[in-house]
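Hello,

Here is the structure I promised to pass on to you. My notes on what turned up in it follow below.

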Amino acid sequence: MTDTTAPSFWLSLPEGFTGIDLAEDPGDRMSRIVDGLDGLTDAGPEQKLGIAVSAELALQAQLREGAVHVSNCLVQTEEGEIVQGVFSLYLREQEQGAPGGYPQRVARELATAWPDADVEVLDFPLGRAAVTVRDLAVPVSGTAYGLPGSGVTTVRQLEALFAHPWSPHVLAVVFSTQHLDYWDGWSVLVGAAISGISFYPPLNETSNALPPERQDNIRKAFG
């Protein structure tokens, strides 16, 4: 967590999701991605560099928006193609309004603001969330990375907004990918990743991990 005033959360990610050291040098991050791809694919150096650059561009955009956790997601399809996405978490201080009414209210607001997006209210183990899926046209410049030309790419973004249960914060879970053809597969993986988030410590941690007023009494009583 980068914001010491924000509440903690616990995270268990599925295979293929690798947490990124947000304080690491960008060049070192890209080198590690390229090295990691050597064991996954026999793709050429140009494709591996493209994957690494794409991941770093997405990461920098997330950091500018205040991300507190970012994972790089690399999956090899049945056809042998490497597809990549970025899974990010944000904790934002925000008034939630009437208890229990946050997801429905926000879903209505988002549907109005983004009429081309798919907007739903969905239930997860973490709680009920307002979920949006939309396609964004994102400009890409290769100049900073020594690559020729610039262009525009289409990125599909899923965002799930959860009201925090004991503080005036909202947890925003955001997943973005350029690999739209693999969206059905991504939907399953992102659902599993969201299911691995908790506002409460694992049951094998001591009861002192949270102040008494923040402990989950039902889980303590029934295990």
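V173 is a good place to begin: leaving out residues up to four places away in sequence, V173 touches F87, S88, L89, L158, E159, A160, F162, I194 and I197. Please keep in mind that this is a predicted model.

V173 also belongs to the largest nonpolar core, a set of 28 residues. V173 is listed there with F87, L89, F162, L171, W186 and I194 as the residues with the most contacts inside that core. At least two core residues come from each of strand 3 (69-76), strand 4 (82-93), strand 6 (127-141), strand 7 (150-163), strand 8 (169-177) and helix 4 (183-195). Helix 4 gives the largest share, with 6 residues. Another core lies apart from this one; it has 15 residues, including A67, V70, A107 and A172.

Strand 4 deserves a look of its own. Of its 12 residues, 10 are buried, so strand 4 is largely enclosed by the rest of the structure. On one hand, strand 4 pairs with strand 3 in the antiparallel sense, over 8 bridges, and Q76 faces I82 of strand 4. The hairpin that these two strands form has 5 residues between them, and G80 takes a positive phi near 90° in that hairpin. On the other hand, strand 4 is joined to strand 8 by 9 bridges, again running antiparallel. In that pairing, R92 stands opposite V170 in strand 8.

You may also like the loop between strand 7 and strand 8, where H164 is found. Is H164 buried or exposed? With a relative accessible area of 3%, H164 falls under the 20% cut-off, and therefore counts as buried. Two polar partners of H164 sit further along the chain. A polar atom of the H164 side chain lies 3.3 Å from the backbone nitrogen of W166, and the side chains of H164 and S167 share a polar contact of 3.2 Å. Setting aside neighbours within four places in sequence, H164 is in contact with P7, S8, Q96, H169 and F199.

Two positions in helices are worth a visit as well. E56 is part of helix 2 (residues 45-64), and E56 is buried, with a relative accessible area of 3%. The side chain of E56 makes a polar contact of 2.6 Å with the side chain of Q60. G191 lies in helix 4 and is partly exposed, at 24% relative accessible area. What is the C-alpha to C-alpha distance between G191 and F124? They are 8.5 Å apart in space, with their positions 67 residues apart in sequence.

A word on confidence before you start. The protein averages a pLDDT of 80, and 81% of the residues score at least 70. Among the elements, helix 3 (residues 102-113) has the highest mean pLDDT, 95, whereas helix 5 (residues 217-222) has the lowest, 40. Residues 143-147 have a pLDDT below 50, and beyond near neighbours in sequence this stretch has 7 contacts in the model. Residues 212-223 also stay under 50, and the model has 14 contacts for them beyond four places in sequence.

Enjoy looking around, and do write back with any thoughts.

Best wishes

Methods:
Residues are numbered from 1 along each chain as its sequence is written. Side-chain values use heavy atoms; hydrogens and water are left out. A nonpolar core is a set of buried Ala, Val, Leu, Ile, Met, Phe, Trp, Tyr and Cys residues joined through side-chain atoms within 4.5 Å. Buried means under 20% relative accessible area, exposed over 50%, partly exposed in between (1.4 Å probe, protein chains only). Helices (H or I, at least four residues) and strands (E, at least two) are DSSP runs, numbered from the N terminus. Contact means heavy atoms within 4.5 Å. pLDDT is the predictor's confidence in each residue, from 0 to 100. Two strands pair if DSSP finds at least two bridges between them. A polar contact is a pair of N or O atoms within 3.5 Å; within protein, one must be able to donate a hydrogen and the other to accept it, and residues adjacent in sequence count only if both atoms are side-chain atoms.
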